[in-house]
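Let's take a walk through this structure together, from a few selected residues out to the chain as a whole. Please keep the sequence and the 3D view at hand as you read.

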Amino acid sequence: MATTAPAQTRYLTLDTVRGVAVMGILLMNIVAFSMPMAAYINPTAFGGATGADLATYLVNYVLFDGKMRGLFSFLFGASTLLVIERAQSRGVSAAGVHYARMFWLLLFGLAHLFLIWWGDILAHYAIMGMILWFFRNRSVGKLILIGVLLLVLEFLLMASMPMWIWALQNGHAGDAAQTAKGMLAMQKTVGVPPAGIIDASLAVHRGDYAAIVADRIARHGLAPINMIFFVGPETLAYMLFGMAGYRSGMLTGAWSRGRYVRWLLIGFGISLPAYIAGAVYMVQSDFDMLAVASAVMTMPVIFRPLMILGWACLIILLMREGGALTARIAAAGRMAFSNYLLTSILCATFFYGYGFGFFGYLSRFEIYAVVLVVWALMLLWSKPWLERFRYGPLEWLWRSLSRGRPQPLAGGAIADA
């Protein structure tokens, strides 16, 4: 049974790790904002695959791709359990509180998906969060065990992709028509799509708002459902690991320095060589579809959780020194919901045709100037806002809708979540 959190406890470690995650997730999302979809997985599809552009892709692949999203998922699981425990400590319906929050998060996510950006993660989190409720009373050991079993399922799902590509490349996927259709699907997913597909994406995203929304609905309207089957087991596993991290004290900063150092070394010591090997494999194969599918889609299911754990331990160790930067990152994390959606609005406005129209014009290396600007804005506005208001603007709206009445806003940040 969970230990009930004191109603006014605020864990600086949770806010700081969440702040790094909401900033770090933009390192990969920026590609999806600024270029055709295929560029996200395979650098030879678009955006540059030589020199600084190639180095940028490889650094992101080794250190950040999927790790920041996973870290965000860890924090979502931890925060969900914290909210449930606080509802129990107040003597209110924990189920009512939890499902109200997930319901409104789902609506926010769908609005984000259809009106702002196709890469929304909030609706997926809301759906997984509804399932997460049933694991709230599990012990640390059981949470980890169930998470590992879910990752085994995810690995089997992801392993089917390189196996299918191998079959296509070796003539074991049916007749010529079936092989051609399968090859085109894989080119769109992990390879280099035909030029016409890239050109069509450029034309749409350099166009007006109505055309972009219509294309988004047509291509991504079922994304929340598809994601349940594609990455749902992995997301739920990470959320369960986050619950375990909260319950064990890892994510609340309760571990000793030596324990954090030990798990930092284990996490990075095992995962970094695997990712470096994957990077070498892709480069040596000239980003062949089989190599990309294996290195980007399949192998990380095994090693990514260890890298995420290493990142969490590193962030907690560094934040123990405190300082002005830690305070600002923690403030950005406390307002992660507002900052996540603000990032989408800023990036969509900068890259899409109804805004400044830079979609497809910057190289993979150049787009990170935009990341630095967005990071600076997050760090500059979050702390001053919380010195004047209790919650971030969207955190306040989410809280008010979930509780069925407007919540106090003015007066500076308070201790509870």
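## A loop residue to begin with

T252 is buried, because its relative accessible area is 18%, where buried means under 20% relative accessible area, exposed over 50%, and partly exposed in between, with a 1.4 Å probe and protein chains only. You will find T252 in the loop between α13 (232-248) and α14; helices here are DSSP runs of H or I with at least four residues, strands are runs of E with at least two, and both are numbered from the N terminus. Setting aside neighbours within four places in sequence, T252 is in contact with Y11, T13 and Y246, a contact being heavy atoms within 4.5 Å.

A word on the ground rules: this is a predicted model, in which local features need pLDDT of at least 70 and side-chain atom pairs count only at pLDDT 80 or more, while totals for chains, interfaces and linings use all residues. Residues are numbered from 1 along each chain as its sequence is written, and side-chain values use heavy atoms, with hydrogens and water left out.

## The chain as a whole

How many helices and strands does the protein chain have? There are 20 helices and zero strands. A compact globule of 417 residues would have a radius of gyration near 22 Å, and the 21 Å of the protein chain agrees with that; the radius is taken over C-alpha atoms, and the globule rule is 2.2 Å times the number of residues to the power 0.38. Along the principal axes, the C-alpha atoms fill a box of roughly 65 × 45 × 40 Å.

Of the 417 residues, 55% count as buried. Among contacts between residues at least 6 apart in sequence, 79% join residues at least 24 apart. The protein chain exposes about 17200 Å², with carbon and sulfur atoms supplying 70% of it; accessible areas come from the Shrake-Rupley method with a 1.4 Å probe, and for residues only the protein chains shown count as cover.

As for charge, the protein chain carries 30 positive and 18 negative side chains, and the centres of the two sets lie 14 Å apart. Lys and Arg count as positive and Asp and Glu as negative, leaving out His and the chain ends; each charge is placed at NZ of Lys, CZ of Arg, CG of Asp or CD of Glu.

## Confidence

The average pLDDT of the protein chain is 94, and 97% of the residues score at least 70; pLDDT is the predictor's confidence in each residue, from 0 to 100. Over residues 1-8, pLDDT stays under 50, and the model has 18 contacts beyond four places in sequence for them.

## Residues in helices

Three helix residues can be set side by side, each with a partner and the C-alpha to C-alpha distance.

| Residue | Partner | Apart in sequence | Apart in space |
|---|---|---|---|
| M68 | R18 | 50 residues | 9.4 Å |
| I198 | M35 | 163 residues | 9.2 Å |
| K181 | S256 | 75 residues | 55 Å |

M68 sits in helix α5 (residues 67-90) and counts as buried because its relative accessibility is 2%. Beyond its neighbours within four places in sequence, M68 is in contact with V20, A21, G24, I25 and W311.

I198 belongs to helix α10 (residues 195-205), and its 10% relative accessibility means that I198 counts as buried. Again leaving aside neighbours within four places in sequence, I198 is in contact with P36, A45, F46 and P193.

Is K181 buried or exposed? K181, in helix α9 (residues 176-190), is exposed, with a relative accessible area of 67%.

## A loop pair and the segment after α20

D286 lies in the loop between α14 (257-284) and α15 (289-298), and F287 lies in the loop between α14 and α15 too. D286 has a positive phi of about 60° although it is not a glycine, and F287, also a residue other than glycine, has a phi near 55°. D286 is exposed at 59% relative accessible area, whereas F287 is buried at 6%.

Finally, Q407 is found in the segment after α20 (393-403). Q407 counts as buried, at 10% relative accessibility. Outside its neighbours within four places in sequence, Q407 is in contact with W396, R399 and S400.
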